[in-house]
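Student: Could you take a close look at the second largest cavity and walk me through what lines it?

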Amino acid sequence: MKILVTGGLGYIGSHTVVELQQKGFEVVIVDDCSNTSEDVLYGIVRITGIQPQFERFDLRKKEKVQGFFQRHQDIQGIIHFAASKAVGESVERPLLYYENNLGSLIYLLQEMTQQQDATFIFSSSCTVYGQAEKLPITEDAPTKPAESPYGNTKKISEDILRDTCKANTHLRSISLRYFNPIGAHPSSEIGELPIGVPQNLVPFITQTAAGVREELSVFGNDYPTADGTCIRDYIHVVDLAKAHVVALQRILQGKAESNYEVYNLGTGKGSSVLEVIQRFERVSGQELPYKIVARREGDVVAAYADTTKANDVLGWKTVSSLDEALLSAWNWEKKVRNL
Ligand code: UD1
């Protein structure tokens, strides 16, 4: 069964390609490599022994998207990761983000609506909840106005998908709202490859431990939490990747109750920034230099998932601990840096 994975050479995409191949799916990757490298393909092949098909083009080019589906009429499902994801850059260049993230989605859906049957898994984010009133966060928590154009593209994409599914009952889709994906494949063959200075916590931690960055800045310790730092739900990227396969199978096996569903993907457990630092120091044996600085604009105090729906309806749950995820991130960093 042939599955298109857009952004399949990216961080979450590449881990999902591995899980798909290991479940016997045939994968076609489309990636423009704007934020990754073709070398990721070799990492995938070293893990699975299977070469996925790969086409390099930009999904904002409508005629390329049309041409792709003419050449691949046997695609049975799409997992759509391809998107820009730097929050800060999205504030500086909002139109680029709206064009990239919404243009590609619209062109893919235009193709899907012309097919008899279409299955579409969308890469969404817990950013749509903003600071939720109640924790843990359930899927029916109200969405909030986004803090950044990036966040808004996720919110608008979900709206586009919901409306398109309503108007096209043969289109079956699931939006997966990720909490904070971290870590790398246990083989250390693939992992996150941040370009420039990492914006996210764990890549910044591993680069600091590797000596690439001098020290970590902890953004605020005066939040209303036990130790004053923000709380997030850090999920191992392999657990997250597996959820995509389960979601895809749910639709393909006709188990979905509605043609548009939404699931939170997290561990259900919140960890503070200082807890993550301490756990990292323990599993890696590295002392991590850090300082407390001002809060970062747009950060919410605490976000962690209620995983009941994903556990009970999707039949998926996380298996890796925070320690395992942090250790895998560290092993990957060491490999990338030849340490
Ligand atoms: C961020 C994005 C979110 C996006 C997600 C994708 C923001 C405001 N939010 O989530 O929209 O979906 O990445 O992965 O950018 N921290 C530090 N020092 C650092 C980096 C982070 O203290 O150098 C803290 C942050 O304040 C936060 C926690 O670590 O409390 C996690 O931060 P990060 O990894 O950037 O994830 P989010 O902000 O949760």
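**The second cavity**

Tutor: The second largest cavity has a volume of about 40 Å³. A cavity here is a set of points on a 1 Å grid over the protein atoms alone where a 1.4 Å probe fits but cannot get out; points join across faces, edges and corners, and volume is the space filled by probe spheres set on them. Bear in mind that this is a predicted model, where local features need pLDDT of at least 70 and side-chain atom pairs 80 or more, while totals for chains, interfaces and linings use all residues. Numbering starts from 1 along each chain as its sequence is written, and side-chain values use heavy atoms, without hydrogens or water.

Now the wall, meaning residues with an atom within 4 Å of a point. Ile75, Gln76, Gly77 and Ile78 line this cavity, along with Met112, Gln115, Asp117, Ala118 and Thr119. Strand β4 (75-80) gives the largest share, 4 residues, and β5 also supplies at least two. Strands are DSSP E runs of at least two residues and helices H or I runs of at least four, numbered from the N terminus. By class, the lining splits into 4 nonpolar, 4 polar and 1 charged, with Gly counted as polar and Asp, Glu, Lys and Arg as charged.

For context, the whole structure has 2 cavities of 30 Å³ or more. The largest has a volume of about 60 Å³, and β5 (118-125) helps line that one too, alongside α6 (149-167). There, α6 brings the largest share, 3 residues, and the lining has 4 nonpolar, 5 polar and 1 charged residues. Phe122, Ser123 and Lys154 are among them.

Terms used: On a 1 Å grid over the protein atoms alone, a cavity is a set of points where a 1.4 Å probe fits but cannot get out, and a pocket is an open set with protein on both sides within 12 Å along at least five of seven lines; lining residues have an atom within 4 Å of a point.
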